[in-house]
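Q: Hi! Could you walk me through this one while I have it open?
A: Happy to, let's bring it up.

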4 protein chains.
Amino acid sequence: MDVAIIGGTGYGAVELIRFLHNHPHVHVTKIISHSNSGTDLAEVYPHLVDIIDLEMIALDIGDLAKEVELVFFATPSNVSKHYIPALVDQGVRCIDLSGGDFRLRDGEKYQAYYGGEEMVSQSYINQAVYGLPELNKEQIKQASILANPGCFPTATTLGLIPVLEKDLVERKSIIIDAKTGTSGAGRGGLSLNVHFSEMNENFKAYQLGVHKHIPEIEQVLTARANEDIQVTFTPPHIVPMTRGIMSTMYVDLKDSQSTGQLIAMYEDYYKNDPFVRIRKEGIIPSTREVYGSNYCDIGLYADQRTGKLIIVSVIDNLVKGASGQAIQNMNIMCGWDETTGLNQLPIYP
Amino acid sequence: MDVAIIGGTGYGAVELIRFLHNHPHVHVTKIISHSNSGTDLAEVYPHLVDIIDLEMIALDIGDLAKEVELVFFATPSNVSKHYIPALVDQGVRCIDLSGGDFRLRDGEKYQAYYGGEEMVSQSYINQAVYGLPELNKEQIKQASILANPGCFPTATTLGLIPVLEKDLVERKSIIIDAKTGTSGAGRGGLSLNVHFSEMNENFKAYQLGVHKHIPEIEQVLTARANEDIQVTFTPPHIVPMTRGIMSTMYVDLKDSQSTGQLIAMYEDYYKNDPFVRIRKEGIIPSTREVYGSNYCDIGLYADQRTGKLIIVSVIDNLVKGASGQAIQNMNIMCGWDETTGLNQLPIYP
Amino acid sequence: MDVAIIGGTGYGAVELIRFLHNHPHVHVTKIISHSNSGTDLAEVYPHLVDIIDLEMIALDIGDLAKEVELVFFATPSNVSKHYIPALVDQGVRCIDLSGGDFRLRDGEKYQAYYGGEEMVSQSYINQAVYGLPELNKEQIKQASILANPGCFPTATTLGLIPVLEKDLVERKSIIIDAKTGTSGAGRGGLSLNVHFSEMNENFKAYQLGVHKHIPEIEQVLTARANEDIQVTFTPPHIVPMTRGIMSTMYVDLKDSQSTGQLIAMYEDYYKNDPFVRIRKEGIIPSTREVYGSNYCDIGLYADQRTGKLIIVSVIDNLVKGASGQAIQNMNIMCGWDETTGLNQLPIYP
Amino acid sequence: MDVAIIGGTGYGAVELIRFLHNHPHVHVTKIISHSNSGTDLAEVYPHLVDIIDLEMIALDIGDLAKEVELVFFATPSNVSKHYIPALVDQGVRCIDLSGGDFRLRDGEKYQAYYGGEEMVSQSYINQAVYGLPELNKEQIKQASILANPGCFPTATTLGLIPVLEKDLVERKSIIIDAKTGTSGAGRGGLSLNVHFSEMNENFKAYQLGVHKHIPEIEQVLTARANEDIQVTFTPPHIVPMTRGIMSTMYVDLKDSQSTGQLIAMYEDYYKNDPFVRIRKEGIIPSTREVYGSNYCDIGLYADQRTGKLIIVSVIDNLVKGASGQAIQNMNIMCGWDETTGLNQLPIYP
């Protein structure tokens with residue numbers, strides 16, 4: 001199957017290329033870049049020299065619709081909504097990695113958290129499926145527009161959904177202390193938060209109150225819990241490393257539970273999900289243990305002293321938090337095994 | 001004043017030496033090392049070559065009592081309690097940086113969290129003053145045995161005490177998400193948690209349930225709140241950096257408060273404390289902003305959506321979390337200005 | 001084909017496992033560990049949880065010879081020589097990643113650089129083939145004992161061989177300024193050189209005069225140059241990163257050459273070698289551009305001011321410098337395409 | 001003495017402020033910033049909050065000449081030459097940290113390496129003294145314009161001058177393999193070379209052939225050797241750390257010398273220079289051992305196999321390579337002890 005990637009110079013695109021290179025059913029035939037059309041991809045990403053021989057091109061929706069069956073949007077926010085409708089109308093399936101354009105269902109929240117722009121028309125929002133395969137596999141199979149989840153929402157909701165669905169925790173108590181590497185900020189748009197001399201040997205909390213992943217997390221949790229959920233998700237922290245997200249979550253257990261009971265419940269909940277690994281009692285996963293891979297690893301600890309459940313969920317933000325999950329979604333949309341092309345082991349050390 | 005440092009090859013000692021080198025009233029005349037007596041300090045720490053010319057010696061309590069007026073113990077836990085009584089009895093003041101030996105007042109908790117050993121006899125515990133100058137300045141002035149606080153307790157209690165004393169928060173709600181650089185683990189005792197290839201480009205939670213700083217934090221908070229306080233302080237996380245602690249704390253506000261009101265209250269609370277800096281509204285401190293210095297910087301955010309107060313407190317774990325605070329305590333004990341010898345600026349970047 | 005790995009808890013073994021997991025012709029059936037027999041591999045390396053389900057076992061040469069066709073030795077120096085003869089005599093092919101046991105042909109140098117032990121008997125040395133596929137492909141095909149090259153020798157000799165063979169440089173002038181990440185020091189044997197707090201935000205030169213890779217580099221260069229070659233390879237430097245080697249080499253050109261001419265010559269020299277990439281004029285490779293992959297990337301610059309040729313060669317020390325090259329060698333020994341199982345792209349960023 | 005700093009938002013300025021804060025004879029009364037006039041310094045550098053209370057102002061040469069006795073220029077290249085003549089003519093002494101404006105004496109080389117601009121008029125070049133105190137102390141005492149050396153030239157020339165002056169090495173053989181942390185690139189002017197996700201876990205060589213420190217190094221060495229010196233100084237490498245330069249130098253010894261003899265000679269050469277430390281035989285300094293301090297540490301190794309002398313010189317690029325050295329020069333210019341205000345120990349770890 002021929003596919004295109006839009007946003008060719010970002011980390012999302014280059015990570016899609018890494019996995020798709022060894023995917024047995026897919027061929028990346030077009031890489032589209034607004035800022036670098038006419039340039040060889042390997043000039044922008046020299047690690048691809050002598051491996052990927054593709055010149056980036058400008059976007060032409062009409063051509064694209066004739067030449068590929070599926071398009072990945074690895075673009076900044078507020079871009080994909082301008083192009084996906086036309087593609088979908090011509091029968092091209094679209095996977096959107098790019099922000100809130102198709103993730104949020106509430107236009108007001110979209111405007112509040114994504115710079116005040118108007119949402120795409122409701123009929124396309126209705127077509128869009130939120131692509132967290134562990135929750136929505138059946139809907140994903142039919143998706144023409146796939147809204148690929150954000151990195152923090154992926155790590156966080158996979159950690160919280162089981163106890164919320166089983167109604168084991170106080171819903172007003174959810175605290176998410178999130179930490180991310182710097183690559184989530186992308187390659188472009190340099191700021192002091194990704195400046196080596198400022199971030200090395202430093203740990204900082206970077207945004208108060210208005211992180212755009214808050215409404216996305218709350219939308220997913222609310223849908224699963226059948227009840228309005230508000231979470232404390234601020235400030236997220238930046239770790240002096242490139243890849244990795246850890247979401248440390250604190251919730252009040254309604255009734256006393258042992259760590260072992262909760263682990264057994266999580267294992268059962270995710271027993272058909274090849275990319276979620278629940279750790280044994282006493283073990284908490286670290287970000288390095290999923291580095292470069294599509295796994296989400298979850299550790300649990302029920303603190304008997306305080307009645308709190310602590311959930312630690314780790315992913316590689318560029319893989320399960322972006323491009324790996326996009327490929328997992330593509331696999332499901334195309335009827336392939338969801339692990340196809342994603343069976344690389346974490347790189348350690 | 002002549003002073004001695006016991007535990008000469010650890011990071012605590014070497015950081016004491018850095019500050020005392022420029023202290024106008026103090027001269028380090030003895031450095032004692034069990035494992036390296038007879039070796040020049042600069043051989044173990046080559047950055048001191050041509051600056052500090054001292055051979056480390058073995059411990060002889062009798063000699064020491066004659067030769068110095070004050071002794072710093074920068075030793076592992078369960079060491080200082082064997083030597084401090086004899087020194088104090090001979091009129092030598094002691095500052096103990098070394099763990100729970102003189103910090104905890106409850107022998108059972110000491111045994112539970114510090115490897116099952118018996119506590120030093122109660123009369124010496126009674127002489128010991130817990131050396132957090134922002135809380136105990138008057139008592140510190142008189143101390144013969146000064147129990148220097150742990151790194152996590154310092155960052156955490158300075159962040160929590162004002163709202164606890166003013167009774168603004170629900171006391172069962174306290175969650176402390178703590179993060180530390182690797183130097184807290186010391187130079188000796190190498191383990192995978194401080195192995196470069198394992199910790200670089202990694203973020204991990206390292207201990208569940210039984211961290212020895214829990215009873216210390218709870219003892220301080222309980223004393224100030226006049227009510228039994230239990231906190232959720234687990235797991236602490238390790239950041240791939242050498243120095244720095246950030247304690248991100250979440251508490252439920254009893255009544256709605258604006259961020260600005262709370263900041264004003266904290267500024268007032270610490271108005272006489274030169275090493276506590278409260279950040280302006282909208283600003284959260286990062287660990288680098290106190291790097292190498294004795295400051296504790298605190299940022300606040302009252303989340304109006306969820307009614308939570310988020311408190312972020314950062315210190316350099318080797319300075320305000322250990323050696324800098326020890327010198328601040330010494331200054332107070334000796335009647336000098338508490339900033340003496342500690343007026344070096346944070347190193348940035 | 002069933003294979004075994006000896007030295008199961010080291011980085012060499014775990015990197016073999018990463019690549020062999022997706023190798024179409026090979027199945028790792030035995031992992032042998034002296035120190036951890038009886039333990040699940042995933043307990044020692046939690047990133048393999050739910051993926052690799054193998055208990056490590058103790059070494060029994062007799063059993064091994066019956067059960068596998070090929071054995072990888074990822075052991076410390078001075079181990080493999082005690083076991084490889086027996087295995088080879090029973091028809092098991094062996095690939096030795098472990099140091100000088102079968103790399104050096106000169107017993108005196110082996111003793112001088114590898115701790116004074118005696119070399120294995122000459123008949124086995126004679127059977128051993130030095131496994132740098134870019135030089136020795138034909139011999140490797142027949143090898144029963146494959147001596148897998150060291151990490152520094154791989155990066156260095158691939159950079160130097162073309163100009164030495166073509167006799168373009170003064171042979172007394174070779175200077176190799178080598179830099180490595182910390183993972184070359186392995187997981188065990190913790191020392192201050194791999195202690196996070198000591199190596200982070202630090203750059204050091206770590207050994208003077210006697211690095212054990214010197215005789216190996218000189219042996220390879222001498223054989224290709226048909227003349228005794230001595231190199232300046234000291235001190236190698238440690239970079240505060242986990243993976244990657246850069247070898248910056250300086251040689252005097254006999255006659256003036258343009259950078260472009262030299263690049264063309266290198267491209268021609270390596271035209272049949274899929275894992276060597278020569279960079280275009282003006283571009284120098286960085287270690288990240290080969291991270292996690294089996295590539296050796298080489299950049300060249302002929303300084304017209306000084307008549308020096310500067311050669312920069314980078315590899316991932318754990319891949320092309322160890323386990324990836326071992327698999328490449330296995331592929332050649334078994335008659336498979338040399339890239340089989342090694343076609344993963346570098347991970348960037 | 002009142003002084004001003006021009007270029008207030010750069011790392012050079014903030015490092016000047018760190019040291020001058022504790023300088024007994026100097027008061028920084030003006031901080032000038034083109035881009036941030038009207039902003040509090042502590043807003044741009046929050047680590048200075050509650051310590052330095054200064055608003056940055058725009059440059060007014062006339063006012064400045066009346067209000068301060070000495071001005072530090074911590075500006076980009078090609079700025080100071082437009083202002084220093086007017087200040088000097090009004091009797092204000094100037095220390096220029098900013099690049100080649102007053103360092104190079106040859107107008108053609110200045111144009112070739114500094115963007116083609118014309119040099120300042122020769123009479124001011126004649127007034128300028130190159131401020132490497134270990135070489136020029138007497139001239140520095142009289143300087144009205146002090147050209148503060150570049151970071152690479154400082155580390156490199158301090159390592160090479162003794163053997164060049166004593167005529168112990170072949171002058172055509174000098175190779176300088178230089179490595180620097182990222183802070184040398186400054187805070188502004190973000191590029192991929194200082195982007196955290198690109199530089200972390202990476203090691204790269206960043207510039208071929210035309211580094212602007214080449215003519216500066218050659219000018220100093222030529223002056224001391226009384227003979228035209230050309231060096232191979234390319235490519236410099238970037239280390240994934242913030243601070244520190246290591247210059248590893250390779251030269252051919254004319255006659256055989258032991259390492260011990262050479263060390264003795266270096267110790268003698270620098271016996272009156274408090275900031276140069278020569279390491280004992282067998283010991284090579286690391287960058288961390290001078291971190292945050294004004295030391296230049298030098299290690300030597302005479303390789304008896306190859307006749308090469310290897311010299312390793314390390315500095316903190318922001319201190320001895322910039323602001324610390326500027327203060328050392330100021331001290332000498334003002335007749336104070338050259339260590340005044342610079343006696344802070346290296347920070348370790």
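Q: How many residue pairs are in polar contact across the interface of chain C and chain D?
A: The rule finds 28 such pairs, both residues at pLDDT 80 or more. A polar contact is a pair of N or O atoms within 3.5 Å; within protein, one must be able to donate a hydrogen and the other to accept it, and residues adjacent in sequence count only if both atoms are side-chain atoms.

Q: Before we go on, what kind of model is this?
A: It is a predicted model, where local features need pLDDT of at least 70, side-chain atom pairs count only at pLDDT 80 or more, and totals for chains, interfaces and linings use all residues. Residues are numbered from 1 along each chain as its sequence is written, chains are lettered from A and ligands numbered from 1 in the order in which they are written, and side-chain values use heavy atoms, with hydrogens and water left out.

Q: Thanks! How many salt bridges are there across the interface of chain C and chain D?
A: Four, by the rule (a side-chain nitrogen of Lys or Arg within 4 Å of a carboxyl oxygen of Asp or Glu). The side chains of Arg305(C) and Glu218(D) form a salt bridge at 2.5 Å, N to O.

Q: And how much area do chain C and chain D bury between them?
A: About 4100 Å², with 57% of it on carbon and sulfur atoms. Buried area is the accessible area (1.4 Å probe) that two parts lose on being put together, summed over both. On the chain C side, Glu201(C), Phe203(C) and Arg305(C) lose the most area to chain D, together 19% of what that side buries.

Q: What about chain A and chain D, how much do they bury?
A: About 1700 Å² between them, 55% of it on carbon and sulfur atoms. In chain A, the residues losing the most area to chain D are Leu190(A), His195(A) and Phe196(A), together 39% of what that side buries.

Q: How many salt bridges does the rule find there?
A: Two across the interface of chain A and chain D. Glu198(A) pairs with Arg187(D) through their side chains in a salt bridge of 2.8 Å, N to O.

Q: Switching topic: is His211(A) buried or exposed?
A: Buried, because its relative accessibility is 7% (buried means under 20% relative accessible area, exposed over 50%, partly exposed in between; 1.4 Å probe, protein chains only).

Q: Which residue has its backbone nitrogen 3.0 Å from a polar atom of the His211(A) side chain?
A: That is His213(A).
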